[in-house]
Amino acid sequence: ENLVTEELAQDLYDDDEYLESPFFNALKVGARTDVEPYLVYNKVLGRLEETAGKSRLLDVGSSFGAFMETARNRGWEVSGIDISEKACPYAGRERQLDVFCGTLEEAGYPDGHFSVVTLWDVIEHLDSPLDTLLEVHRILAPGGVVVIFTINQQSLINHIGDVLYKLSLKRFNKPLDLLYDIHHNVFFN
């Protein structure tokens, strides 16, 4: 059963406290190469450039446009999608990025339009990941690449967080709060 219904999602992703968290504030600092998440962004873009070349890229769940800006600075043609009515205008106004505010299905991209589609910390938030992936498949060009970045529920950090929680008699739950965020509907390993 989903923790976040479709009706609640819009309010959650436009909540000022959520959008001003350290994670989201890091996405506003600008395309840097020396800090996370930009180190990972550049590493992935380098691998994509080796395999797919610089071409048309769609970032699903683009938030404030940090990944899109990084890709654009490297020569990619970028588009984005996000449901946050606060993040989308920021990406357009502050970074001059093309971001559709709504769902991937609502955007109605043509078949085979993108050579790369990315979902950074997105798939775990979806009501129906399979439906979204079917839409990604439809808009992806033949031989295209999909990049999915999500939390591994069987990772060492998850196990350590669980042990700390149990050893503290369920009082120390900070790592678990981060890993089992209310915004997450699906957990992958």
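**Figure 1. Packing of helix α5 in the predicted model.** The buried residues of α5 pack against α4, β1, β2, α6 (87–95), β3 (99–101) and β4 (114–120). The coordinates shown here and in the other views come from a predicted model. The residues of α5 that are buried are Ala66, Phe67, Met68, Glu69, Thr70 and Ala71. Because six of the eight residues of α5 are buried, this helix is largely enclosed by the rest of the structure. Gly75 follows α5 and has a positive phi, near 105 degrees.

**Figure 2. The salt bridge between Arg74 and Glu49.** Six salt bridges are found in the structure. In one of them, the side chains of Arg74 and Glu49 meet with an N to O distance of 2.8 Å. This pair links distant parts of the chain, 25 residues apart: Arg74 belongs to the loop between α5 (66–73) and β2 (77–82), whereas Glu49 lies in helix α4 (residues 38–51). Arg74 has a relative accessibility of 25% and therefore counts as partly exposed, since the buried class is reserved for values under 20%.

**Figure 3. The salt bridge between Glu77 and Arg56.** The closest N and O atoms of Glu77 and Arg56 are 3.4 Å apart, and the two residues form a salt bridge. Distant parts of the chain are again linked by this pair, with Glu77 in strand β2 and Arg56 in strand β1 (residues 56–60), 21 residues apart. Both partners have an assigned exposure class. Glu77, at 48% relative accessibility, counts as partly exposed. Arg56 also counts as partly exposed, at 30% relative accessibility.

**Figure 4. Further salt bridges, involving Arg93 and Arg138.** Arg93 and Glu94 form a salt bridge in which the closest N and O atoms are 3.1 Å apart. Glu94 is partly exposed, its relative accessible area being 44%. In addition, a network of salt bridges links Asp111, Glu135 and Arg138.

**Figure 5. The aromatic pair of Tyr41 and Trp120 and the ring cluster.** Seven aromatic pairs are found in a search of the whole structure. Tyr41 and Trp120 form an edge-to-face pair, at 4.9 Å centre to centre and with 65 degrees between the planes. The partners come from distant parts of the chain: Tyr41 is in helix α4 and Trp120 in strand β4, 79 residues apart. Tyr41 is buried, with a relative accessible area of 8%, and Trp120 is likewise buried, with a relative accessible area of 9%. Ring pairs join Tyr38, Tyr41, Phe67, Trp120 and Phe149 into a cluster. Of the members of this cluster, Phe67 is among the buried residues of α5.

**Figure 6. The aromatic pair of Tyr109 and Phe114.** The rings of Tyr109 and Phe114 form an edge-to-face pair, 4.9 Å centre to centre, with 85 degrees between the planes. Tyr109 counts as buried at 15% relative accessibility. Phe114 is buried as well, with a relative accessible area of 1%.

**Figure 7. The surroundings of Ile123.** Ile123 is located in the loop between β4 and α8 (129–139). With a relative accessibility of 4%, Ile123 counts as buried. Ile123 and Gly61 are 62 residues apart along the chain, and their C-alpha atoms are separated by 9.1 Å.

Terms used
Residues numbered from 1 in each chain as written. Predicted model: local features only at pLDDT ≥ 70, side-chain atom pairs only at ≥ 80, totals over all residues. Heavy atoms only, no water. Salt bridge = Lys/Arg side-chain N within 4 Å of Asp/Glu carboxyl O. Helix = DSSP H or I, 4+ residues; strand = E, 2+ residues; numbered from the N terminus. Buried < 20%, exposed > 50% of the residue type's maximum accessible area, 1.4 Å probe, protein only. Contact = heavy atoms within 4.5 Å. Phe/Tyr/Trp six-rings, centres within 6.5 Å; stacked < 30°, edge-to-face > 60°.
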